[in-house]
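Please open the model in your viewer and colour it by chain, so that each stop of this tour can be selected in turn.

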Amino acid sequence: MNWKNVSLVYKKEIQGAIRDRRTLISMIVIPLIFYPLLFLGIGYFTVIGQQSTENLPSQINIIGVENAPQLVEILQKDKNIKIIQSEENPENELLGGKVHLTMHIPEVIETDYLEKDSINPISIIMKYDSTTQRSQLARKRVTALIDYYRQEIIQARLKQIGFDADFLQPFQEQWLDLAPEERKVGSMLGSILPYIIIILIFIGAMHSAVDITAGEKERGTLATLLVSQISRLEIVLGKYFTVMTISAVSMILGLTGLSIAFLTPAYMLGEVSIIRVPFSFSLFFLFLLILAPLVGLASAILILIGIFARNSREASTYVTPIYMIAIFLGMISLSQGIELAKQLFFIPILNNSFVFKELLMGTVNWTHISATLISNISIALLALAAATNMFHRENVLFRS
Amino acid sequence: MIKVTHLKKVFFDKKRGKITAVNDVNFHCRRGQIFGLLGPNGAGKTTTLRILATMMKPTTGEVLVNGYHVAKEAHKVRQSIGFLSGETGLYDRFTPCETILFFGRINGLAEQEIRTSMNEIFQILDMKSFQDVRVDKLSTGMKQKLSIARAIIHNPPVLIFDEPTVGLDVITARVVINYIKEFRNQGKCIIFSTHQMPEAEKLCDEIAIIHKGEILSAGTLADLQQKFREKDLEEIFFKLVKVKVEESA
């Protein structure tokens, strides 16, 4: 094998990809411009929407105002609450959006419990519309004020019978999280990052892999390579390294785009706190060690599919289930609490997502890392051998 | 330069079973000669030429190109041939200059050698005016000139042309035909397939009429005319096909 020929094919494919508008859009425009704009847009409008709703008052319709004058007074003091009294079609008014919450107080709520013969809890019936944000906000506001009102009554009653307010609170629990900050970030990133990385690798590799294999077959340019003096293996390797490069660049740009989107202060409108990612050179090296075979594996499988397919359309059809399987395997890491058995670290993609997670949590398990490397590299080599073999098979190269 | 002996190629198709695309084909083509394979679509021309170009392997028989065995010495055969077919495409995102540089390099030529040959070929094929224009912006004629340039950049002694004028307008087809004649004058061994009788009449030194994978008759145009007592090649072709059909019935 002549590496100079591999490099010639590689350079030609990279040059072609750079000039392909579709590759540039999927590799640069989408991750660097579309992702930040999309997430910033979603974040911006969510926050703006919440803020504008939070500035509006909640209309509360109270039926039976006379039964709880103190409660009504507490509600009235809140500038975000406007009380109305309307007994005509209160439900229609609620569902029509004129009123955001209806409160029905059927009986007198007495503070002074000694005046009562027996204590039976009184039901205050609250009606709201869970499908509107303003009604949900009204519920939140009223719940907080009612809790306060309840505490006031309990304290007054306790006082009446000579007990201190602390009587009902024999102790207070204090929860202290001992997890280091890096580990907390690692746990959070460990759930989502492997999944995103796997998606970005496959998205980046898919278009170019199909284009330089099945696409080339379709355009008739593959025959010109087959009658040249470079070997089938050199052609496959040149194309393979191209897909690996494009996939890796897409992933890096994709992560950059997502970082821009999630770390831009505008997303949180000033509320963002700087995330301190646990970084060290050894971690970076281990990440590369795990990432490279994953990129290699995805590229090899996609190249194999592309060479096997008659044309780009057929290749895209074959690639879709592979992509779905990759997403499924990547998604498993999103679930908290799943521990993978040792032998399951030989399942490609699944192993990557769990090793990523471990690394981000600060655990370096060489058994898991070795299993991941052995499995991914072996499958990638098998796929490459199969792809080279396809180049020798007339029924694959010339079927139409 | 090309010697084909008892060539047979069999395919297996799930629906149709065993298909004999080429059956006991024999011919040879010398230096400075244009050998034409004349036959309708599906006659076995493309399969024969793909075997000559090492893209397919013969089921049985022996094929020597420039003295090298196509199955055993494929690499050496590829050094000796230039291949052009109606279905060989070009890279749309490259210019003619970049295309030729790439094919020169993968055919093992030195950088200076490629540039000298490229300039010469571009001069001869009148390609200078569009050598730096992207292929997707070129006309069909310009593209075909580039395909020829690509096939001959490494100066191969054997040229294999599989229906090189298919889909071309009359003017472009004539340009291609003239270049093929020019290559013969340079002493190259040329094998040329077509289903157009006038093209074969004008161009080929020897013609083999191929039908359903078998060569029905071969020789110079004069030989064939004398043998079948017909001046028109088309009439000769139909006579041969009719005899073959009657024989099979």
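Domain bounds, as used at the first stop, come from an automatic or database domain assignment. Please keep in mind throughout that this is a predicted model.

**Stop 1: the two domains of chain A**

Select residues 3-46 together with 182-397 of chain A, which make up domain 1, and give a second colour to residues 56-168, which make up domain 2. If you place a marker at the C-alpha centre of each of these domains of chain A, the two markers will lie 56 Å apart.

**Stop 2: the sheet of chain A**

Stay with chain A and select strands β1 to β4, which form an open sheet in the order β2-β1-β3-β4 with mixed pairing. At its edges stand β2 (81-84) and β4 (125-128) of chain A, and because each has a single partner strand, one side of each is left without a neighbour in the sheet. Looking along the sheet, you can follow a twist that averages 25 degrees from one strand to the next.

Now narrow the selection to β3 (residues 101-104) and β4 of chain A, which run antiparallel and are joined by four bridges. One residue to pick out here is M103(A), whose bridge partner in β4(A) is M126(A).

Next, add the helices that pack on this sheet. Helix α3(A) touches β1 (58-63) and β2 of chain A, and its direction makes about 135 degrees with that of β2(A). Helix α5(A) touches β1, β2, β3 and β4 of chain A, with a direction at about 65 degrees to that of β1(A).

**Stop 3: two helix pairs in chain A**

Two packed helices are described by the angle between their axes and the distance between the axes. How do α3(A) and α5(A) cross? Select residues 69-77 for α3 and 133-160 for α5 of chain A, and you will find that their axes come within 10 Å and cross at roughly 135 degrees. The two helices, α3(A) and α5(A), are therefore oblique to each other, and their crossing is right-handed. To see the contact itself, show the side chains of Q70(A), L71(A), I74(A) and L75(A) on α3(A), and those of L145(A), Y148(A) and Y149(A) on α5(A). By class, this contact of α3(A) with α5(A) has six nonpolar residues, one polar residue and no charged residues.

For the second pair, select α6 (residues 181-212) and α12 (residues 312-331) of chain A, which pack at an angle of about 170 degrees with their axes 10 Å apart. That angle makes α6(A) roughly antiparallel to α12(A). The contact includes, among others, Y195(A), I198(A), F202(A) and M206(A) from α6(A), while α12(A) contributes residues including A315(A), V319(A), Y323(A) and I327(A). The residues of this contact of α6(A) with α12(A) divide into 13 nonpolar, three polar and no charged.

**Stop 4: where chain B meets chain A**

Show both chains and select the contact between them, which takes 23 residues from chain B and 17 residues from chain A. On the side of chain B that touches chain A, the elements that give two or more residues are α2 (74-80), β6 and α3 (96-106) of chain B. The largest share of that side, four residues, comes from α3(B). If you colour the side of chain B that touches chain A by residue class, ten residues will appear as nonpolar, eight as polar and five as charged.

**Stop 5: the sheet of chain B**

Finally, hide chain A and select the six strands of chain B that form an open sheet, in the order β6-β7-β8-β3-β9-β10, with mixed pairing. Here β6 (81-85) and β10 (214-219) of chain B stand at the edges, each with a single partner strand, so one side of each is left without a neighbour in the sheet. Neighbouring strands of this sheet are turned by 15 degrees against each other on average, direction ignored.

Within the sheet, zoom in on β3 (residues 34-38) and β9 (residues 206-211) of chain B, which pair in the parallel sense over four bridges. Here L38(B) stands opposite I209(B), and G36(B) stands opposite I207(B). In β10(B), the bridge partner of I207(B) is G219(B). The strands β9(B) and β10(B) pair in the antiparallel sense over five bridges, and they form a hairpin with two residues between them, where K212(B) in the turn has a positive phi of about 50 degrees.

Technical notes:
Residues numbered from 1 in each chain as written. Chains lettered and ligands numbered in written order. Predicted model: local features only at pLDDT ≥ 70, side-chain atom pairs only at ≥ 80, totals over all residues. Pairing = 2+ DSSP bridges. Axes fitted to C-alpha atoms, helices over the stretch in contact; angles between N-to-C directions. Contact = placed C-beta atoms within 7 Å. Nonpolar A, V, L, I, M, F, W, Y, C, P; charged D, E, K, R; others polar. Parallel < 35°, antiparallel > 145°, perpendicular 65-115°, else oblique. Left-handed = near helix turned anticlockwise from the far one by under 90°.
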